[in-house]
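Colleague: I am new to this structure, and I would like to learn how to read it. Could you take me through it step by step?

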Amino acid sequence: MGNILLIMFSAILVENFIFSRFYGCCPFLGVSNKPSTALGMGMAVTFVMTISSAVTWAIYHLVLEKLGLEYLKTVAFILVIAALVQFIEMFLRKFVPALYSSLGIYLPLITTNCAVLGAALVNIETGRSFIEATVFGFSAALGFTMAILIFAGVRERLNFAEPPKSFKGFPILLISAGLAAMAFSGFSGMRF
Amino acid sequence: MKKSFKDIFKEGILTNNPTFVQLLGMCPTLATTTSVTNAIGMGLSTTVVLIFSNFLISLLRKIIPKQVRIAAYIVIISGFVTAVELLIKAYLPALNASLGLFIPLIVVNCIILARAEAFASKNDPVRSACDGIATGLGFTIALIIVATIRELLGSGMLFAGADGTGGIQILGDWYSPATIFLMPTGAFLTLGFVIALVQKIRNTVAEQTRLKELLDDAVKHGYTSEYLERYKKKKNKNKVSTEIVDAADKYPEQKGEEK
């Protein structure tokens, strides 16, 4: 149990996917313009990442390892993630239309979100157990959601700021992300 | 209309640089620019994948059905990424250790998918391969620029090996390294400032091109170059934008006077 808590704490704060590992920076910078959009994206990522962490763990240890095809993991994982995203989209549309209407537009974007593939690969690399892998996927996604939500708040303020002309748009975003990352690097002393 | 090879290279490296202008592939740009060696390793691996995936996707562009094209692209790309990953693991183990998971993550680098969709699926294989080289080089150069700034300010050295040792000392003892540039914060800040500089250059170039067009147009309509010279002297030469506004404003007025 202690181990699980440690994984959660470290995935959410110490090794936050965005601010310390740089996984998932594209959606982080792309869809964080409003808190509501950010929350939608965060929820969709949490949903997919938890399931995909579990499924890719099973695929790797039960199929690829048994067949001696470990080197195919990148190909297999990205296919599994793409199929999973499709499947989740169809499932939600059929059975949970309310959730689908709020997450629907973000789901296709997740296939090319490097956080999802990154979490799957990190799980294999560190040799976690099934439960640990699933918990890691879930909490890393929570960390992602937290980061994107915090940043959406920052961006709302940025709309009223007047940076120099050359800094308008992307550069000022990156610089505010840098300042947020500085806050998160305060946790980096707590390596376990 | 087919693009000339010169245009392909110019766009890939300069005017449509994947990192600085299209703002794609931010994750590897932020994560792997802690040293110039890493940046070159990452840039070249991505370039190799880009060339081959662009070539193959272009060859297959008439066979792949439209509905499943993205899935097909991803499979092709991940195949090449796996090949590159295995090669790096075998021959450059130190680079593999320092780039870590970012080599398999080339699969989800948006640059590659974007080029597949925007270029390779519409052009012939040779042009697509060239586009791969050009875009890959543009990406590599961008990585090297960011990495040079970060490594130089962060450690005072350049070209530290993939294991973090054996760099060439560039800045002397007087410089106390600001480690923050090697941390995540430094990545965001450096990239932010570099992109701001690129935007500044782009804005200036765009304004100057417009000014030149306006002046050319004025000459074409019978304005003497003396008038333009006098007009230029009146204004502060550095303030290009006000010149344009004034030129645009004065233009019809002057024309009317002449008539």
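The dialogue below turns to the contact between two chains and then to a pocket.

Modeller: This is a predicted model, in which local features need pLDDT of at least 70 and side-chain atom pairs count only at pLDDT 80 or more, while totals for chains, interfaces and linings use all residues. Residues are numbered from 1 along each chain as its sequence is written, chains are lettered from A in the order in which they are written, and side-chain values use heavy atoms, with hydrogens and water left out.

Colleague: How many residues does each chain bring to the contact?

Modeller: Counting heavy atoms within 4.5 Å as contact, chain B brings 38 residues and chain A 37. The buried area, meaning the accessible area (1.4 Å probe) lost on being put together and summed over both parts, is about 3,200 Å², with 80% given by carbon and sulfur atoms. On the side of chain B, Leu101(B), Val108(B) and Phe188(B) lose the most area to chain A.

Colleague: Which residues form a salt bridge?

Modeller: Taking a salt bridge as a side-chain nitrogen of Lys or Arg within 4 Å of a carboxyl oxygen of Asp or Glu, the rule finds one across this interface. Glu207(B) is paired with Lys165(A), their closest N and O atoms being 3.8 Å apart.

Colleague: What is the volume of the second largest pocket?

Modeller: Rolling a probe the size of a water molecule over the atoms reveals where empty space is left. A pocket is an open set of points on a 1 Å grid over the protein atoms alone, where a 1.4 Å probe fits, with protein on both sides within 12 Å along at least five of seven lines; lining residues have an atom within 4 Å of a point. The volume, the space filled by probe spheres set on the points, is about 690 Å³ for the second largest pocket. Of its 30 lining residues, those closest to the centre include Pro108(A) and Leu113(B).

Notes: Buried area = accessible area lost by both parts, 1.4 Å probe.
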